[in-house]
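Here are a few pencil-and-paper exercises to work through with the viewer open. Try each one before reading its solution.

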Amino acid sequence: MDFTQEDAQKLLSIIKARRDVRGNRFIDKEIEDEKLQMILQAGISAPSVGYSQPWKFIIIKDKKTKKSLVDNFTQENNRAKEIFANNPLYTQLKLEGILEAPINIAVLYEPKEEDVLGMTSMKKMGEYSVVCAVQNMWLMARALNIGIGWVSILDEQKVLQTLKSKPNTQLIAYLCVGYVDKFYEESELKTLGWDKEKLLEECVLFR
């Protein structure tokens, strides 16, 4: 299948329009099953080292489960507040949307017991493969005008216990997914001055 320059520009536009969505942006609107399927299909279409496909997706709608995960976040966030005590901006940030988003998705890495092609030297390639799945999901969601927020201020082991995950499973991403009232034109953290955006020439070296 060949793509046009217009297709490539559209893809770049979607990539540039992707945003990490906070809880105060989600609205009370259910995600259609066919659109959720498209997001998940995008995830399993990601590249994976040795064609290992080591991902697992847990869809979370249960309010009791969400409440347990919010408690997990609150405990970890209280610790983070101490770490960023010298930056008053931290306490102003809404850093999760676990209850507000209609759907949460835990994206897990399930390692294989046998050796995997491409992982004999770089052991973390399986985890990186799952991160590729997350990026695919994020971009598909944005193309469908659905927001995703990645919550990383969580105790991983407690999340896995809450979700009754298999032994040796790793939590790669906890995603809050739903329609939003708006997408920011630029990254919220950039707008708030948390850090400055790197220029392309700062990120590229030639050897």
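Helices (H or I, at least four residues) and strands (E, at least two) are DSSP runs, numbered from the N terminus. Keep in mind that this is a predicted model.

**Exercise 1. Find where S48 is placed, and work out what its side chain reaches.**

Step 1: go to the loop between α2 and β1, which is where S48 sits.
Step 2: check the exposure. The relative accessible area of S48 is 15%, and buried means under 20%, so S48 counts as buried.
Step 3: look for polar partners. A polar atom of the S48 side chain lies 3.3 Å from the backbone nitrogen of S52, and the side chain also reaches the backbone nitrogen of Q53 at 3.0 Å.
Step 4: list the contacts, skipping residues up to four places away in sequence. That leaves Q53, P54, W55 and S129.

**Exercise 2. Decide whether Y51 and N168 are buried or exposed, and look at the sign of phi in each.**

Step 1: recall the background. Most residues other than glycine have a negative phi.
Step 2: take Y51, in the loop between α2 and β1. Its phi is near 50°, a positive value in a residue other than glycine.
Step 3: turn to N168, in the loop between α5 and β4. Here phi is positive at about 75°, although N168 is not a glycine.
Step 4: compare each with the cut-off for exposed, which is over 50%. Y51 has 63% relative accessibility, so it is exposed; N168 has 65%, so it is exposed too.

**Exercise 3. Check the length of helix α3 and find out which side of it is buried.**

Step 1: do the span. α3 covers residues 63-83, and at 1.5 Å a residue its 21 residues should span 30 Å. The end C-alpha atoms are 30 Å apart, which agrees.
Step 2: look at the start of the helix, where a side-chain oxygen of D62 comes to within 3.3 Å of the backbone nitrogen of K64.
Step 3: collect the buried residues of α3: K66, L69, V70, N72, F73, E76, N77 and A80. They cover an arc of only 165° around the axis, so they sit on the same side of α3.
Step 4: make sense of the spacing. An α-helix has 3.6 residues a turn, so residues three or four places apart point the same way.
Step 5: flip to the face turned away from the buried side, which carries the exposed residues K64 and E82.
Step 6: see what the buried residues pack against, namely β1, β2, β3, α5 and β4.

**Exercise 4. Work out how β3 is enclosed and how it pairs with β4.**

Step 1: β3 is residues 147-151, and 4 of its 5 residues are buried, so the strand is largely enclosed by the rest of the structure.
Step 2: 5 bridges join β3 to β4 (residues 170-178), and the two run antiparallel.
Step 3: for the register, start from G147, which stands opposite G178 in β4.

**Exercise 5. Describe the largest nonpolar core and what supplies it.**

Step 1: this core has 28 residues, and those with the most contacts inside it are F57, I105, V107, M137, I146, L175 and V177.
Step 2: at least two residues come from each of α2, β1, β2, α4 and β4. The largest share, 6 residues, comes from α4.
Step 3: pick out V177. Apart from neighbours within four places in sequence, its contacts include F26, I31, I39, I105 and I148.
Step 4: move on to a second, separate core of 25 residues, which includes F73, L160, L171 and V180.

How values were computed:
Residues numbered from 1 in each chain as written. Predicted model: local features only at pLDDT ≥ 70, side-chain atom pairs only at ≥ 80, totals over all residues. Heavy atoms only, no water. Buried < 20%, exposed > 50% of the residue type's maximum accessible area, 1.4 Å probe, protein only. Pairing = 2+ DSSP bridges. Expected span 1.5 Å × (residues − 1). Arc of directions from axis to C-beta. Contact = heavy atoms within 4.5 Å. Polar contact = N/O pair within 3.5 Å; in protein donor to acceptor, adjacent residues only side chain to side chain. Core = buried A, V, L, I, M, F, W, Y, C linked by side-chain atoms within 4.5 Å.
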